[in-house]
Amino acid sequence: MSYWTLGVVLALSTFAMFTLAGSLVAQLATALPSRSARRGPAARAHRLFRLRTLPGLCGVTAGFGIALPIFLWFEDPGTNETVNRTLGLCASVGAWLLARRVWRAADAWRSTARVLADWQRRSRPLGGFDAPLPAFAIDDAFPIVAVIGIRRPRLFVAERVLRECAPDEVAAMISHECAHVTESDNLKRLLMRACPGVFGVARPERLWSPAAEQAADARAASGATARLTLAGALIHVARLALPQAPPLASAFYLEGSIDD
């Protein structure tokens, strides 16, 4: 077997084993009570994001940051070693985990790009609100209030929302979406989709979404009046319809916890 093939097999095998170990740690840590729950939704969201990305970080660091460089440094380029079945199986699992997550992240990127292009084509620039990012009004049946984009995020607000919601409610929604931009939540969504894992690591991702929404609420509504306005805006939008959002978008309402 060639020198480079053996190195890749070793790296993928190490990647698979450490991804497995990181997944076990993430699953156990998610099930255990944490002080972050008492410190607020932002701390809880940060912890869940770290746990969700832990398996991928462990696997990539161990496989491609440690095992592969050590192999390249110490192994004789003229080696004739063969790969046993166990190592080959581990490498196959590692390749499958890596390819599956890369495909999932690429698919989310493509579908979000298609939605962004469609929304951008049907929108008009939105003025009159103090938004620190480009804002657009879009004529859509759904009450869209969402931020799309990672490097150049853009805010979209449905014309229906602008017509039926009070200006202070719209301002509260925009503040909520700007909080998502400040926390780079769309980038975190992409990273979580790209990070491999097994043993139920999707649970931290599911728990992260409502925690991130609550953290954005807390950042956007610091006073009693602001909290009341934001709650009224959420209920108002929830009554209009059930919106649809692409996978890498931070949307104001996604059938979330209205009771909270």
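This section describes the overall organisation of the protein, then strand β4 with its pairing partners, and finally a glutamate in helix α6.

The model is a predicted one, and the protein in it contains 9 helices and 5 strands. Read from the N terminus, these elements follow the order α-α-α-α-β-β-β-β-α-α-α-α-α-β. Taken along the principal axes, the C-alpha atoms occupy a box of roughly 75 × 45 × 25 Å. Among contacts with a sequence separation of 6 or more, 71% link residues that lie 24 or more positions apart. Of the 260 residues, 44% count as buried, while the protein exposes about 13800 Å², of which carbon and sulfur atoms supply 61%. The protein carries 29 positive and 21 negative charges, and the mean positions of these two sets are 4 Å apart.

Strand β4, which spans residues 154–158, is largely enclosed by the rest of the structure, because 5 of its 5 residues are buried. The side chains of this strand are divided between two directions, with Arg154, Phe156 and Ala158 pointing one way and Leu155 and Val157 the other way, and all of these residues are buried. Arg154 is thus listed among the buried residues of β4 together with Phe156 and Ala158, which point the same way.

Two strands pair with β4, one in the parallel and one in the antiparallel sense. Strand β2, formed by residues 135–138, runs parallel to β4 and is joined to it over 4 bridges; within this pairing, alanine 137 stands opposite valine 157 of β4. Strand β3, formed by residues 145–148, runs antiparallel to β4 and is likewise connected to it by 4 bridges, with valine 147 having leucine 155 as its bridge partner in β4. Strands β3 and β4 form a hairpin with 5 residues between the strands, and in this hairpin glycine 149 adopts a positive phi near 115°.

Beyond the strands, glutamate 169 is placed in helix α6, which covers residues 167–182. The relative accessibility of glutamate 169 is 14%, and this residue therefore counts as buried, the cut-off for that class being under 20%. When neighbours within four places in sequence are left aside, the residues in contact with glutamate 169 are Thr229, Gly232, Ala233 and His236.

Key
Residues numbered from 1 in each chain as written. Predicted model: local features only at pLDDT ≥ 70, side-chain atom pairs only at ≥ 80, totals over all residues. Heavy atoms only, no water. Buried < 20%, exposed > 50% of the residue type's maximum accessible area, 1.4 Å probe, protein only. Pairing = 2+ DSSP bridges. Contact = heavy atoms within 4.5 Å. Areas by Shrake-Rupley, 256 points an atom, 1.4 Å probe, with all protein chains shown as cover. Lys, Arg positive; Asp, Glu negative; His and termini not counted. Charge placed at Lys NZ, Arg CZ, Asp CG, Glu CD.
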